[in-house]
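Q: I am new to this structure and would like a close look at one part of it, the charged side chains that pair with one another. Could you take me through that part carefully and then place it in its wider setting?

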Amino acid sequence: MVVTPLYRRLAAAMLFDLVTLQAFAAGPRISVEGGESFVGGYFAFNQGTPAVFGEAVFDEHAISSSAFMWAPDVTAGWIDGRDIAYFQHDRYTTRDHIWMLAGGVRLRYNAPDAWYRRLFFSFQPTLHTGRTQALSSSYEFTSTLGWQGEHWMVAIRHSSNAFLHLPNRGENMLLMGITF
């Protein structure tokens with residue numbers, strides 16, 4: 001992938017956003033997450049690749065008078081490219097490095113003392129650089145199912161464009177993180 005000034009500006013804006021979110025927001029929880037990402041649907045040919053994210057989750061709010069809670073959620077990250085020979089002659093390969101910026105909502109059920117209280121689900125519309133077999137448009141939808149501890153988290157994340165542009169294999173990630 002050729003790094004153009006547009007990509008540099010996008011990467012700088014993402015890093016700036018993460019820094020300013022911490023400085024100006026009313027107490028977001030910041031997580032630094034890392035793990036491995038796989039192209040969806042092609043595990044026989046697939047090679048995992050590193051994925052790194054920074055995530056800010058803001059104050060929770062109750063949904064009406066229910067026990068469900070929601071919080072604004074902003075994520076910026078990177079998925080490394082990889083060389084999967086099966087796709088080397090296709091229009092979209094798997095070689096591009098992907099920078100992502102996502103913003104959405106994190107949902108959780110606030111049940112006091114329940115084992116599942118720390119489970120969460122988030123949904124985020126996502127913009128990114130690069131084009132691959134997994135992420136073939138400039139926009140994707142990212143959903144995450146995870147467990148948030150006091151200073152750590154573990155999650156399964158999926159990004160794809162919901163068949164709005166083909167190919168639509170998506171990226172499937174297993175992530176672990178440290179939370180501040």
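**A network of salt bridges**

A: Arg157 and Glu33 are both buried, and they make a good starting point in what is a predicted model. The two residues form a salt bridge with each other, in which the closest N and O atoms are 3.1 Å apart. Since Arg157 belongs to strand β8 (residues 152–160) and Glu33 to strand β1 (residues 29–39), this pair ties together parts that lie 124 residues apart in sequence.

Arg157 also forms a salt bridge with Glu55, and here the closest N and O atoms are 3.4 Å apart. Because Glu55 sits in strand β2 and Arg157 in strand β8, the pair ties together parts that are 102 residues apart in sequence. Glu55 in turn meets the side chain of Arg106 in a salt bridge, at 3.6 Å from N to O. With Glu55 in strand β2 (residues 49–57) and Arg106 in strand β5, this pair links parts separated by 51 residues in sequence.

Glu55 has a relative accessibility of 1% and therefore counts as buried, the cut-off being under 20%. Arg106, with a relative accessible area of 7%, is buried as well. Taken together, Glu33, Glu55, Arg106 and Arg157 are linked in a network of salt bridges, and a search of the whole structure finds five salt bridges. As a general point, side chains of opposite charge can pair when their charged atoms come close.

The strand that holds Arg106 also has partners of its own. Strand β5 (residues 98–109) runs antiparallel to strand β4 (residues 68–79), and 12 bridges join the two; Trp70 stands opposite Leu107 of β5. On pairing with β6, strand β5 is again antiparallel, over six bridges, and there Leu107 has Phe121 as its bridge partner.

For the wider setting, the protein has one helix and nine strands, and the helix comes ahead of the strands when the elements are read from the N terminus. Of its 180 residues, 42% count as buried. Among the contacts with a separation of 6 or more, 56% are between residues 24 or more positions apart, and the salt bridge between Arg157 and Glu33 likewise ties together parts that are far apart in sequence, at 124 residues.

Note on methods
Residues are numbered from 1 along each chain as its sequence is written. This is a predicted model: local features need pLDDT of at least 70, side-chain atom pairs count only at pLDDT 80 or more; totals for chains, interfaces and linings use all residues. Side-chain values use heavy atoms; hydrogens and water are left out. Helices (H or I, at least four residues) and strands (E, at least two) are DSSP runs, numbered from the N terminus. Buried means under 20% relative accessible area, exposed over 50%, partly exposed in between (1.4 Å probe, protein chains only). Contact means heavy atoms within 4.5 Å. Two strands pair if DSSP finds at least two bridges between them. A salt bridge is a side-chain nitrogen of Lys or Arg within 4 Å of a carboxyl oxygen of Asp or Glu.
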